[in-house]
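This report concerns the strand arrangement of a single model and a few residues within it. Please consult the sequence and the structure shown here while reading.

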Amino acid sequence: MEELATDYCGWAGERSWHTHDRDLLVSAVFRSGGHVGLMWAVRPWPGAAGGLGASVTTWLEAGEQMTSLAADVRAFLAKEYQ
């Protein structure tokens with residue numbers, strides 16, 4: 001998230017990250033007007049029940065909104081791993 005926040009001028013293509021077991025996937029695209037689309041996909045049991053999962057895309061303004069999200073995620077993870 002912090003890397004995306006510092007790239008507020010944009011980038012080409014899609015960036016993506018996933019957990020080791022691929023239960024969580026996050027991908028990011030930059031669009032005109034300075035907006036970042038984050039697609040969050042959760043697939044906790046890929047082999048069960050036909051591989052059901054869920055995804056949602058959130059759109060944020062590059063810069064301040066991405067910086068705020070990065071700080072929120074950092075704070076959340078700090079609490080989780082204390």
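The text below describes the sheet, its strand pairings and two arginine residues.

**The sheet**

The model is predicted. It contains an open sheet of 4 strands, whose order is S1-S2-S3-S4 and whose pairing is antiparallel. Strand S1 (14–18) and strand S4 (54–61) form the edges, each of them pairing on one side only. On average, and with direction ignored, neighbouring strands of this sheet are turned by 15° against each other.

**Strand pairings**

The pairings between the strands are set out in the table.

| Strand pair | Sense | Bridges |
|---|---|---|
| S1 and S2 (residues 24–31) | antiparallel | 5 bridges |
| S2 and S3 (residues 35–42) | antiparallel | 8 bridges |
| S3 and S4 | antiparallel | 8 bridges |

Individual residues show how these strands are aligned. Between S1 and S2, Ser16 stands opposite Ser27, the latter in S2. Further along the sheet, Phe30 has Val36 of S3 as its bridge partner. Val36 in turn has a bridge partner in S4, namely Leu60. Val36 is thus named in both pairings, with Phe30 and with Leu60.

**Connections between strands**

S2 and S3 form a hairpin with 3 residues between the strands, and in this hairpin Gly33 takes a positive phi near 85°. A positive phi also occurs in a residue other than glycine: Arg22 has a value near 65°. Where does Arg22 lie? Its place is in the loop between S1 and S2. Is Arg22 buried or exposed? Arg22 has a relative accessible area of 54%, and because the threshold for an exposed residue is over 50%, Arg22 counts as exposed.

**Surroundings of Arg15**

Arg15 belongs to strand S1, which is one of the edge strands. Which residue does the side chain of Arg15 meet in a polar contact of 2.7 Å? The partner is the side chain of Asp7. Asp7 also appears in the wider set of contacts of Arg15, once neighbours within four places in sequence are left aside: Glu3, Leu4, Asp7, Val26, Ser27 and Ala28. One of these residues, Ser27, is the residue of S2 that stands opposite Ser16.

**Summary**

In outline, the predicted model has an open antiparallel sheet in the order S1-S2-S3-S4. Arg22, in the loop between S1 and S2, combines a positive phi with an exposed position, while Arg15 in S1 is joined to Asp7 through a side-chain polar contact.

Note on methods:
Residues numbered from 1 in each chain as written. Predicted model: local features only at pLDDT ≥ 70, side-chain atom pairs only at ≥ 80, totals over all residues. Heavy atoms only, no water. Pairing = 2+ DSSP bridges. Helix = DSSP H or I, 4+ residues; strand = E, 2+ residues; numbered from the N terminus. Axes fitted to C-alpha atoms, helices over the stretch in contact; angles between N-to-C directions. Buried < 20%, exposed > 50% of the residue type's maximum accessible area, 1.4 Å probe, protein only. Polar contact = N/O pair within 3.5 Å; in protein donor to acceptor, adjacent residues only side chain to side chain. Contact = heavy atoms within 4.5 Å.
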